[in-house]
Amino acid sequence: MTQVSYGPEGVDIRFPGWEATMAGRGFLRVPISALLSARVEPGWTSEILGMRSGLVVSGYRKLGTFTHPSGVRRLVSMKRGVPLLRLSTVRGETGFDEILLSTEDAGSIAQAIYGSVAR
């Protein structure tokens, strides 16, 4: 499962094993300067994410890069039944407009980001 942590330099995202192949990378650091907002959603989003490069197991798992017809580019690692952390980011610094991550720590990470960005 994708590992997400937050520290003084930003949000670190690690894609272990086969997930790295689907995500197109093994690691991504989102610096604090690239974070626009963070929020928690109770779980899986059913919104249309767009064209994908990666894996979709219908109703269970989404992992990869998704590009919406509007041009919004997302890095996604979602698993049904796990809280969702939604990060809005500066595309020029991360390569993505949004990052959607299922993690049990979504609430505490979002709160820590909110505290850092609000300063």
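Okay, let's start in the middle: strand 7 and strand 9 run parallel, and four bridges join them. One of the pairs there is V76 in strand 7 with L100 in strand 9. Before I go on, keep in mind that this is a predicted model.

Now look at the other neighbour of strand 7. Strand 6, residues 61–67, and strand 7, residues 73–79, run antiparallel, with seven bridges joining them. If you want to find the register by eye, G64 is opposite V76, and T65 has L75 as its bridge partner. These two strands make a hairpin with five residues between them. In that turn, check G71, where phi is positive, about 105°.

In general, strands in a sheet pair through backbone hydrogen bonds, and that can be parallel or antiparallel. Our sheet uses mixed pairing.

So what is the order of the six strands in this open sheet? Reading across, you get 4-8-9-7-6-5. Strand 4 (35–41) and strand 5 (51–57) are at the edges, and each has a single partner strand, so one side of each has no neighbour in the sheet. Neighbouring strands are turned by 10° against each other on average, ignoring direction.

How many of the seven residues in strand 7 are buried? Five are, so we can call this strand mostly covered.

Let's zoom in on some residues, beginning with S102. You'll find S102 in strand 9, residues 98–102. Is S102 buried or exposed? The relative accessibility of S102 is 3%, and buried means under 20%, so S102 counts as buried. Its side chain reaches the backbone nitrogen of K79 at 2.8 Å. Leaving aside neighbours within four places in sequence, the contacts of S102 include M1, S77, M78 and V82.

Next up is E19, in helix 1, residues 18–23. E19 is buried too, with a relative accessible area of 3%. The side chain of E19 makes a polar contact with the side chain of T2, at 2.6 Å. E19 also forms a salt bridge with R61, and the closest N and O atoms are 2.6 Å apart. R61 is in strand 6 and E19 is in helix 1, so this pair ties together parts that are 42 residues apart in sequence. R61 is buried as well, at 6% relative accessible area. Beyond T2 and R61, the contacts of E19 outside its close sequence neighbours include L63 and S77.

On to salt bridges more broadly: the structure holds 10 of them. One is between the side chains of R29 and E9, at 3.1 Å from N to O. R29 is in strand 3, while E9 is in the loop between strand 1 and strand 2, 20 residues apart. Here R29 is partly exposed, at 36%, and E9 is exposed, at 52%.

Last pair: R74 and E47 form a salt bridge, with the closest N and O atoms 3.2 Å apart. R74 is back in strand 7, and E47 is in the loop between strand 4 and strand 5, 27 residues apart. R74 counts as buried at 7%, whereas E47 is partly exposed at 28%. Which residues join into one network through salt bridges that share partners? They are R39, E41, E47, R74, R86 and E98.

That's my tour, so go ahead and click around.

Methods
Residues numbered from 1 in each chain as written. Predicted model: local features only at pLDDT ≥ 70, side-chain atom pairs only at ≥ 80, totals over all residues. Heavy atoms only, no water. Pairing = 2+ DSSP bridges. Axes fitted to C-alpha atoms, helices over the stretch in contact; angles between N-to-C directions. Buried < 20%, exposed > 50% of the residue type's maximum accessible area, 1.4 Å probe, protein only. Polar contact = N/O pair within 3.5 Å; in protein donor to acceptor, adjacent residues only side chain to side chain. Contact = heavy atoms within 4.5 Å. Salt bridge = Lys/Arg side-chain N within 4 Å of Asp/Glu carboxyl O.
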